[in-house]
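Subject: Structure handover

Hello,

Here is the structure I promised, with the sequence alongside. Please open it first, then read my notes below.

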Amino acid sequence: MSLLQGKVAIITGGNSGIGKATAALFAREGAQVVITGRRQDVLDAAVRDIGHGSIGICGDVGVIAFHNRLADEVRERFGAADIYMANAGVINLTSSMDITEEEYERHFSINTRGVFFGVQAIAPLIRDGGAIIATSSLAATKVLPQHTVYAGSKAAIAAFARNWAMEFKDRRIRVNILTPGPVETEILGKLGVNEADRPAFEAHMVNLIPAGRMGRPEELAEAALFLAAKGTFVNGTELIVDGGMSVS
Ligand SMILES: NC(=O)c1ccc[n+]([C@@H]2O[C@H](COP(=O)([O-])OP(=O)(O)OC[C@H]3O[C@@H](n4cnc5c(N)ncnc54)[C@H](OP(=O)(O)O)[C@@H]3O)[C@@H](O)[C@H]2O)c1
C-alpha cells in the first residue's frame, strides 16, 4: 500500500530542488500533488517530470493574495488537502553591515511572512489528522558567515511551527520543521557567491559536514515523507537533515 494514497499534498517551491524531489516522491507514494513556483516555464517542466496527475499553480508566496488564490483553487478542484509543505525560500549571503532594507524585506517577505500567511490560508483546508511541514534551515541555529538575516527569517518559522502544533491540536494536525543543512540544489547558484568563488565556498561548507558531502534533494524528500506520513507521533519538533553539520 502506498503511503499517501488518496492524500492531497501542496508543496510551495515545488518546481525546484527539495520541493520538487519531495513532490516527486509524494506523487510516487500515491498523493495528488499540487506544486507552486514563480517561474511558469519551470513549473510546467516540473509538472511534466513529476507526472502522476500533478498540477502547478504559479505565484509569489510573498504576496498574501496568492495564498488565498491557491486555497480557492485547491478547494475547487479537490475539496480539501492533507499535507501542506511551506518550502519556498530565498537566500542572499550578505553581512549585516551591507544588507539593504530591500533585501531584508525580501527575505522576511518570502521566508517568513510567506510561510505564516500560507499556513493561515491553507490550514482551514487541511483535513483532521493532516500534516504541515515548514522548511527551515540549519542556519537558523548554527552561526554561519553572512547568514544573519536569512537565519532570522528561518528561525521565526520554527517558532511559528511549534505554536501551530498547539493551535491545531484539536484537529490532530501535526506541524513539524524540516531543517536542511547544505543541499545540492539551484539555491547554491542564487547565494550571491561569484561563480569563481563557488568551489572554495562549497569546499568550506563540505568541510563542516561530517558526512563529507552535501545532501541530495532526494534525501530531504525522504525526511519530508517521514514527517508527512510515517512519523505519526512526531509533532511540534524539528528534523535536522544535515549530514551531521550541526555538531561540527
Ligand atoms: N539547498 C540548501 O542548501 C538549503 C539549506 C537549508 C534550507 N534550505 C531551504 O530549502 C527550501 C528549498 O530550497 P532549495 O534548496 O530546494 O532551493 P531552490 O532549488 O532554489 O528552490 C527554491 C524554490 O522556492 C521557490 N521560490 C522562491 N521564492 C519564491 C517566491 N517569492 N514565490 C514563490 N516561490 C518562490 C522557487 O521557485 P522559483 O524558482 O520559480 O522562484 C523554487 O521552487 C528553501 O526554503 C531553502 O531556504 C535549502
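A cut-off first: a residue is called buried under 20% relative accessible area, exposed over 50%, and partly exposed in between. E202 has 22% relative accessibility, so E202 counts as partly exposed. R198, at 19%, counts as buried. Please keep in mind that this is a predicted model.

**The sheet**

Seven strands form an open sheet. Their order is 3-2-1-4-5-6-7, and the pairing is parallel. Strand 3 (55–58) and strand 7 are the edge strands, and each pairs on one side only. Neighbouring strands are turned against each other by 20 degrees on average, direction ignored.

Start with strand 4. Six of its six residues are buried, so strand 4 is mostly covered. On one side, three bridges join strand 4 to strand 1 (residues 8–11), and the two run parallel. A9 has I83 in strand 4 as its bridge partner. Strand 4 is also joined to strand 5, by five bridges and again in parallel. There, A81 is partnered with I126 in strand 5. Strand 4, helix 4 (residues 101–122) and strand 5 together make a right-handed β-α-β unit.

Next, strand 6. Why is strand 6 largely enclosed by the rest of the structure? Seven of its seven residues are buried. R174, N176, L178 and P180 point one way from the strand. V175, I177 and T179 point the other way. Residues on both sides are buried.

Strand 6 has a partner on each side. Five bridges join strand 5 to strand 6, running parallel. In that pairing, A134 has I177 of strand 6 as its bridge partner. Four bridges join strand 6 to strand 7, also parallel. Here P180 stands opposite V241 in strand 7.

**The helices against the sheet**

Helix 5 (residues 148–167) lies across strand 5 and strand 6. Helix 5 runs at about 155 degrees to strand 6.

Helix 7 (residues 217–230) has 14 residues. At 1.5 Å a residue, helix 7 should span 20 Å. Its end C-alpha atoms are 19 Å apart, which agrees.

Which residues of helix 7 are buried? They are P217, L220, A221, A223, A224, L225, L227 and A228. What do these buried residues pack against? Their contacts include helix 1 (17–28) and four strands of the sheet: strand 4 (81–86), strand 5 (126–135), strand 6 (174–180) and strand 7 (238–241).

**Salt bridges**

How many salt bridges are there? The count comes to 13. Several are worth finding on screen.

- R198 and E202: their side chains meet in a salt bridge at 2.6 Å, N to O. Both lie in helix 6 (residues 198–207). They are four residues apart, about one turn of the helix. This is the pair from the top of this email: R198 is buried, whereas E202 is partly exposed.
- E73 and R69: these two form a salt bridge, with the closest N and O atoms 3.6 Å apart. They are four residues apart in helix 3 (residues 64–78), so about one helical turn separates them. E73 is partly exposed, with a relative accessible area of 28%. R69 is partly exposed too, at 37%.
- E219 and R216: their side chains meet in a salt bridge at 3.5 Å, N to O. E219 is partly exposed at 27% relative accessible area. R216 is partly exposed at 40%.
- R39, E186 and K190: these residues are linked in a network of salt bridges.

**Where to look**

For the sheet, begin at strand 4, with its six buried residues. Then step across to strand 5 through the five bridges, and on to strand 6 through five bridges. Finish at strand 7, one of the edge strands. Then turn to helix 7 and its buried residues, among them L220 and L225. Last, look at R198 and E202 in helix 6.

Best wishes

Note on methods:
Residues are numbered from 1 along each chain as its sequence is written. This is a predicted model: local features need pLDDT of at least 70, side-chain atom pairs count only at pLDDT 80 or more; totals for chains, interfaces and linings use all residues. Side-chain values use heavy atoms; hydrogens and water are left out. The expected span of a helix is 1.5 Å times one less than its number of residues. Buried means under 20% relative accessible area, exposed over 50%, partly exposed in between (1.4 Å probe, protein chains only). Contact means heavy atoms within 4.5 Å. A salt bridge is a side-chain nitrogen of Lys or Arg within 4 Å of a carboxyl oxygen of Asp or Glu. Two strands pair if DSSP finds at least two bridges between them. Axes are lines fitted to C-alpha atoms, for helices over the stretch in contact, and angles run from 0 to 180 degrees between N-to-C directions. A crossover is right-handed if, with the strands pointing away from the viewer, the path from the first strand over the helix to the second runs clockwise.
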